[in-house]
Each structure stands twice: as structure tokens, then as C-alpha cells.
Amino acid sequence: MKAERSLKSLCARSWNRGPAASTYTPRCRDILRNFVLGISGARPTWTPANFIEQTVEEIRRRVDEHARATGSDGKVICALSGGVDSSVTATLLHRAVGEQLTAVFVNNGLLRHGEAEETLEALQANLGVKVEYVDATPRFLAALKGVTDPEEKRRRVGATFIEVFEEAAGRLGEVDYLAQGTLYPDVIESATSASKAAARIKTHHNVGGLPEHLRFRLVEPLRYLFKDEVRQVGLALGLPEEMVWRQPFPGPGLAVRVIGEVTAERLETLRAADRIVREEIASAGLARKVWQYFAVLTPLRSVGVMGDQRTYADVVAVRAVAAEDAMTADWARLPYDVLARISHRIVNEVPGVNRVVYDVSSKPPATIEWE
Ligand code: XMP
């Protein structure tokens, strides 16, 4: 429902104006619903099917017009990460321009365990989209060497990502458009030209970090949607449930979950711990109930004991949050036995980790990610 969607945008925008308005007004939704549907008489006509039809039509028109004006082939590159946002973007683009789309999947070496393989298989098999796979792991690790500042990590991951894209585009000949799965919360929080009023909270590389010289025009069909709406659209497009329900994952990936310097070894430790968190949440049947759940590798080491030996090893934090749209979030009240299994498995199965802590902070004032 378009009107319902607008209500959420209004609530979100009022949240964004400052701390005083950062918790929703009591009965905010009712008040706004009455105003939008009752007083102003707007009609709730937004549906995933309408959105798909209009968006596909609009993309096709835009790409075709540009191609006619410039005499190009109207080629589009789509940034694929395997998450719901980029998969929905790819499917919309594929519907709109068919063979003119090439989906580029960059493995930045900052993905979760098994993600690159699963993504390649799911996207090629399920979406029927031509995928160009680029393994740029060494390049991203080199760009991150010695960097500990979170915003600097984002900038470097973002810049490297764009470089790799430009090279992939070069191999494909002339490319007009780059499609990205940017969502509305990213737009607000990065305070791009479309939303100057918002304070800069974090630079989300897929919005704020694009270098000036970027040659591509951007297509961002999900720019005004929240995550739950993207999922509805994904289901309406016929995407598989497991892809549509994948938890959100930040563009800079595990780089912002390894606190401090990112190295291949620390990424390996984090991946192993994160895999356990995901497995245990899934086997407890909580995967769809928790907005995001993951491990963070802290820069701390603590003393422990294993057998007769004293250890001095890494501390892993577990983060799980409940949220509706990531603008605000509360720490998830995971059952103690699930936490116990996660902790037990991590300290026993992940070399170099002897302690697990659970993050009980809400957003605001904390953020979902640690960096
Ligand atoms: P925070 O940590 O700001 O996260 O509460 C809100 C949502 O955004 C995701 N996130 C990012 N997504 N690039 C992204 O594409 C980023 O740099 C980034 N930082 C955070 C985060 O996982 C959560 O879903």
C-alpha cells in the first residue's frame, strides 16, 4: 500500500530529525493514517505488483531513451552481492532490459562463510542472469592493510569496489548504467544530495562513497523502499524464499565486523564464529524472527584456561537485534540455551577464541554494526 509506505517514511523522517523525535510518537501510525487516508483522501494503491510494473517500465524507458540519444547499446551492469537487495535489483533490471544486463559479482574477500559459492549458484541457476564473477580478494585486503578507522575502511572498500567495477565494465565494452540495491535508510543515513537534512552517521559505500569521476549513470530502483517492502517485491518477482529472507549484510562486509586491522587470518576467525551463530539461530527456528545476527571479532584478548593451560586469546561478541527497518533496533532476547550453544561451540571450535560476550545495546544510541 503506497499510503502505508508513506506513513512509514514519515515516521522514519521524523525519527531522523533528531534525538527528541527518535522514538516513535505514541499512535504515530494511527495519526498519520487518519491524516493521509481520512483527511487528505489518498488511496492505498501501492502493491508489490504495481511497483514492479511501474519500475520495470520506467527503467526500460530510461535506458532506451539514453541509448537512442547516444547511439549506445544500452548496456547495464548490476552489482550483485547475493543479498535480497541486489537480487531484487538484478531481477527488475533483467525484466526491464533482458540481455542488455550483465550482473557483476565481486568477491571482495569480506563475505560470510560459503556466501560466494551459494550466491553464484543461486543467482545463475535461479535468476537466469548472466553473471560475471570477479575474485578481487587480494586487492581488497591490500587496500585495507593497516587501516583501523571504520570510515576509512568504508572508503577503501567503496573505492576498490568501484575500481573493480570499472575494470569489469571495460571488459564488457561500452556500459551506460550501474544498477545498485540502495535502500531508503541508506539514503537517509548517508545524507546524499537527495537528503541533505540528515546528519552523516556512517558512509554507506553504495551511496555516499562513490568517487566523483564515476563514469556510470546510476539506477537505484529500490531507493525509496524499506527492507520489508523489498522482500515483498522479491516474493512477487518469484525469487526463492531463502534469498528473499536473507538477513541484511553491510556493503563493506566483514571489514566492519573485524574491529581494528582486517587481515586474512582475522577474517577466517570471524567467519568461523559467524557461521556458528547463523547455524544455531537457524536450528533454533529464529532466523526469520531476528532482524540481524552475527559475530564481531573484537580487538580484545582475555585470559582463559583450557585443560591445564592458561590461554590469552580473542574475544568474540555476538550481536542479534530486533528491528523493523534498521532505523532503530533493540537487542534480541535470544533464549539462554541458544546463547549457551553458540558460546560453547565458538570457544570449542574456533581456534584462537576463548571468550564470547553478548551485546545488549539498542539503537540508538548504539548502531547495529560495531563500526
Ligand atoms: P547501523 O550499523 O548503521 O546499520 O545501525 C543499519 C543497517 O545498515 C547496515 N549497514 C550498512 N550497509 N553499507 C551498507 O550497505 C554500510 O557501510 C553499512 N553499515 C551498516 C547494517 O548492517 C544494518 O542493516
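**Exercise 1. Packing of H4 and H9**

At what angle do helix H4 (residues 84-97) and H9 pack, and how far apart are their axes? Classify the arrangement in this predicted model and identify the residues that form the contact.

*Solution.*

Step 1. The angle between H4 and H9 is about 45°, and their axes lie 10 Å apart.

Step 2. Angles under 35 degrees count as roughly parallel, and 65 to 115 as roughly perpendicular. H4 is therefore oblique to H9.

Step 3. The handedness of the crossing of H4 and H9 is left-handed.

Step 4. H4 contributes Val 84, Asp 85 and Val 88 to the contact, while H9 contributes Lys 227, Val 230, Val 233 and Gly 234.

Step 5. Sorted by class, the contact of H4 with H9 comprises 4 nonpolar, 1 polar and 2 charged residues.

**Exercise 2. Burial along H9 and the residue beyond**

Which residues of helix H9 (residues 227-236) are buried? State also the sign of phi at Gly 238.

*Solution.*

Step 1. The buried residues in H9 are Lys 227, Glu 229, Val 230, Arg 231, Val 233 and Gly 234.

Step 2. Gly 238 follows H9 and has a positive phi, near 85°.

**Exercise 3. The surroundings of Thr 89**

Is Thr 89 buried or exposed? Locate Thr 89 among the helices and list its contacts outside its sequence neighbourhood.

*Solution.*

Step 1. Thr 89 belongs to helix H4.

Step 2. The relative accessibility of Thr 89 is 1%. The cut-off for burial is under 20%, so Thr 89 counts as buried.

Step 3. With neighbours within four places in sequence set aside, Thr 89 contacts Cys 78, Ala 179, Gln 180, Gly 181, Pro 221 and Leu 222.

Step 4. One of these partners is Cys 78, which is itself buried, with a relative accessible area of 0%.

**Exercise 4. Cysteines and disulfides**

How many disulfides does a search of the whole structure find? Describe the burial of Cys 28.

*Solution.*

Step 1. The search of the whole structure returns 0 disulfides.

Step 2. Cys 28 has a relative accessible area of 11% and is buried.

**Exercise 5. The surroundings of Val 164**

Which residues does Val 164 touch, not counting residues up to four places away in sequence? Give the separation of Val 164 and Phe 140 in sequence and in space.

*Solution.*

Step 1. Val 164 sits in helix H7 (residues 150-171).

Step 2. Its relative accessibility is 3%, so Val 164 counts as buried.

Step 3. Beyond four places in sequence, Val 164 touches Val 106, Val 134, Ala 136, Arg 139 and Phe 140.

Step 4. For Val 164 and Phe 140, the separation is 24 residues in sequence and 9.8 Å in space, C-alpha to C-alpha.

**Exercise 6. Backbone exceptions**

Why do a positive phi outside glycine and a cis peptide bond deserve attention? Examine Arg 27 and the peptide bonds at Pro 364.

*Solution.*

Step 1. They deserve attention because most residues other than glycine have a negative phi, and most peptide bonds are trans.

Step 2. Arg 27 is not a glycine, yet its phi is positive, about 55°.

Step 3. Arg 27 lies in the loop between helix H1 (2-16) and helix H2 (28-39). At 63% relative accessibility, Arg 27 is exposed.

Step 4. Lys 363 and Pro 364 are joined by a cis peptide bond, with omega about -15°.

Step 5. Pro 364 and Pro 365 are likewise joined by a cis peptide bond, with omega about 10°.

Step 6. Pro 364 is placed in the segment after strand E9 (353-358), and Pro 365 is also in the segment after E9.

Methods:
Residues are numbered from 1 along each chain as its sequence is written. This is a predicted model: local features need pLDDT of at least 70, side-chain atom pairs count only at pLDDT 80 or more; totals for chains, interfaces and linings use all residues. Side-chain values use heavy atoms; hydrogens and water are left out. Buried means under 20% relative accessible area, exposed over 50%, partly exposed in between (1.4 Å probe, protein chains only). Helices (H or I, at least four residues) and strands (E, at least two) are DSSP runs, numbered from the N terminus. A disulfide is a pair of cysteine sulfur atoms within 2.5 Å. Axes are lines fitted to C-alpha atoms, for helices over the stretch in contact, and angles run from 0 to 180 degrees between N-to-C directions. Angles under 35 degrees count as roughly parallel, over 145 as roughly antiparallel, 65 to 115 as roughly perpendicular and the rest as oblique. A crossing is left-handed if the near helix is turned anticlockwise from the far one by less than a right angle, and right-handed if clockwise. Contact means heavy atoms within 4.5 Å. Ala, Val, Leu, Ile, Met, Phe, Trp, Tyr, Cys and Pro count as nonpolar, Asp, Glu, Lys and Arg as charged, and the others, Gly among them, as polar.
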